[in-house]
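Work through the exercises below with the sequence and the model open. Each task is followed by a solution in steps.

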Amino acid sequence: MNLKSGLLGLVLACSALSAAPGALADAPTPPPIDGRAWGLMDYQSGEIIAGQNLDMRVPPASITKVMTVYVAFDLIKQGRLKLTDLATVSQKAWAEGKDSSESRMFLSLGSQVSIEDLLRGIIVVSGNDASVALAEHIAGSEDAFAQIMNQYAQKLGMTNTHYVDASGMPNDQHYVSARDLLTLAHALIQNFPEDYKYFSEHDFKYGIEHPQQNRNGLLFKDPTVDGIKTGHTEAAGYCLLASAKRDGRRLISVVMGGQTWAYREQANQELLNYGFRNFDTASVLGAAAPVQTAHVYKGADTEVGIGTLDPVYLALPAGEKSQLQIQPQVSGKLIAPLAAGQKVGEAAILLAGKPLKTVPLVVLKEVPSGGFFHRLIDQIKLWLGL
């Protein structure tokens with residue numbers, strides 16, 4: 001597991017309303033959110049910096065379709081599915097969208113539709129018919145596709161999620177958590193940066209005279225918002241999973257169970273503004289910034305840099321990066337040969353003297369064995385404890 005993915009495992013008490021744990025508890029209080037569950041994640045660090053009822057199981061409504069799309073994106077990445085492939089619209093898919101009260105792409109029974117059009121129909125206009133058509137094309141049936149969705153959820157560490165369909169229709173066995181949705185959104189943006197562009201499209205036209213607008217109203221109100229997905233049923237309330245990028249920083253927000261479509265947008269906007277104004281994303285360590293230089297015995301080199309191969313990103317209260325401290329601890333003497341990336345210790349990262357997190361320390365470059373006489377002399381030093 002790399003450092004970035006490891007950061008996703010940070011724990012925030014599901015019922016607490018707070019900024020991030022530990023030293024970040026001194027951050028400004030987040031805005032009051034009138035929703036069943038909500039959260040705010042700093043994308044680069046993967047840290048959840050605020051939230052309430054993060055692990056409560058709630059109905060996701062059409063936010064379900066983020067996983068439907070995630071599966072398709074991954075199959076395309078693997079070469080097992082193409083944007084130009086054609087899916088045939090079954091009776092079930094067509095019937096899923098014929099109710100005028102439901103979101104639909106307006107697919108025609110028996111027609112063939114490209115995977116790219118289905119993806120846009122799911123992402124932009126939240127088409128239930130498109131979701132079923134895509135699921136059936138990939139797995140043969142929607143039930144079989146739901147099993148695939150659950151497999152992906154398990155791989156991503158979404159421990160409070162279970163899918164029974166590709167659209168998010170009301171079902172007591174169909175649920176997610178706010179934390180899991182933030183995890184999914186993070187993986188979506190990280191793993192499919194080129195495909196993520198579809199989530200920022202403002203409208204899409206298919207099968208009707210006029211285009212349908214994206215249901216994510218923040219796309220029209222805030223130019224920094226570029227996704228992700230809305231949802232609404234009577235059981236779920238009004239839900240929105242959103243993301244924005246400002247000055248190179250990205251945040252992801254989610255509000256589940258709002259009272260109106262307008263409030264879900266307002267609440268997500270407040271969370272995003274809170275995060276950008278009150279937190280910074282700091283980068284520490286990395287291959288170019290060793291935390292220390294350590295002596296190497298029996299090596300072609302006598303010293304090697306110790307640190308992390310990749311930068312460690314941290315979400316910090318604004319202006320507090322200068323209060324970071326790194327306390328390294330190397331486990332014993334280093335004896336060649338050493339491989340780049342070999343774990344040799346740990347570093348505690350503190351903010352204003354309070355523990356923030358612990359990260360593994362590794363050798364930053366390979367150190368092969370030295371010559372015979374050099375190894376012999378170093379062996380004697382080791383025997384003598386020098």
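**Exercise 1. Find the order of the strands in the six-stranded open sheet, and its edges.**

Solution. Six strands make up an open sheet with mixed pairing, in the order S15-S17-S18-S13-S12-S16. Strand S15 (324-330) and strand S16 (334-335) are the edge strands; each has a single partner strand, so one side of each is left without a neighbour in the sheet. Strands here are DSSP runs of E with at least two residues, helices are runs of H or I with at least four residues, and both are numbered from the N terminus. Two strands pair if DSSP finds at least two bridges between them.

The model is predicted: local features need pLDDT of at least 70, side-chain atom pairs count only at pLDDT 80 or more, and totals for chains, interfaces and linings use all residues. Residues are numbered from 1 along each chain as its sequence is written, and side-chain values use heavy atoms, with hydrogens and water left out.

**Exercise 2. Describe how S15 pairs with strand S17.**

Solution. Step one is the sense: S15 and S17 (residues 343-351) are antiparallel, with seven bridges. Step two is the register: Ile 326 has Ile 349 in S17 as its bridge partner. Step three is the loop after S17: Gly 353 lies between S17 and strand S18 (354-363). The C-alpha atoms of Gly 353 and Gln 325 are separated by 7.4 Å, although these residues are 28 residues apart along the chain. Gly 353 is partly exposed, at 42% relative accessibility; buried means under 20% relative accessible area, exposed over 50%, and partly exposed in between (1.4 Å probe, protein chains only).

**Exercise 3. Which partners does strand S12 have, and in which sense does each pair?**

Solution. Begin with strand S13 (residues 303-307): S12 (residues 292-297) pairs with S13 in the antiparallel sense over four bridges. Thr 293 is opposite Gly 305 in S13. These two strands form a hairpin with five residues between them, and Lys 298 in the turn has a positive phi of about 65 degrees. Then take S16, which runs parallel to S12 and is joined to S12 by two bridges. Here Val 296 stands opposite Leu 334.

**Exercise 4. Which residues have the most contacts inside the largest nonpolar core?**

Solution. A nonpolar core is a set of buried Ala, Val, Leu, Ile, Met, Phe, Trp, Tyr and Cys residues joined through side-chain atoms within 4.5 Å. The largest one has 63 residues, and those with the most contacts inside it are Met 67, Phe 73, Leu 118, Leu 188, Ile 228 and Leu 241. Elements giving two or more residues to this core include helix H2 (65-78), helix H7 (178-191) and strand S9 (237-246). Another core lies apart from it, with 23 residues, among them Leu 285, Leu 316, Val 344 and Leu 356. For Leu 241, contacts (heavy atoms within 4.5 Å) beyond four places in sequence include Ile 63, Leu 181, Ile 228 and Val 254.

**Exercise 5. Is Phe 372 buried or exposed?**

Solution. Locate Phe 372 in helix H10 (residues 372-384). Its relative accessible area is 52%, so Phe 372 is exposed. For the protein as a whole, 52% of the 386 residues count as buried.
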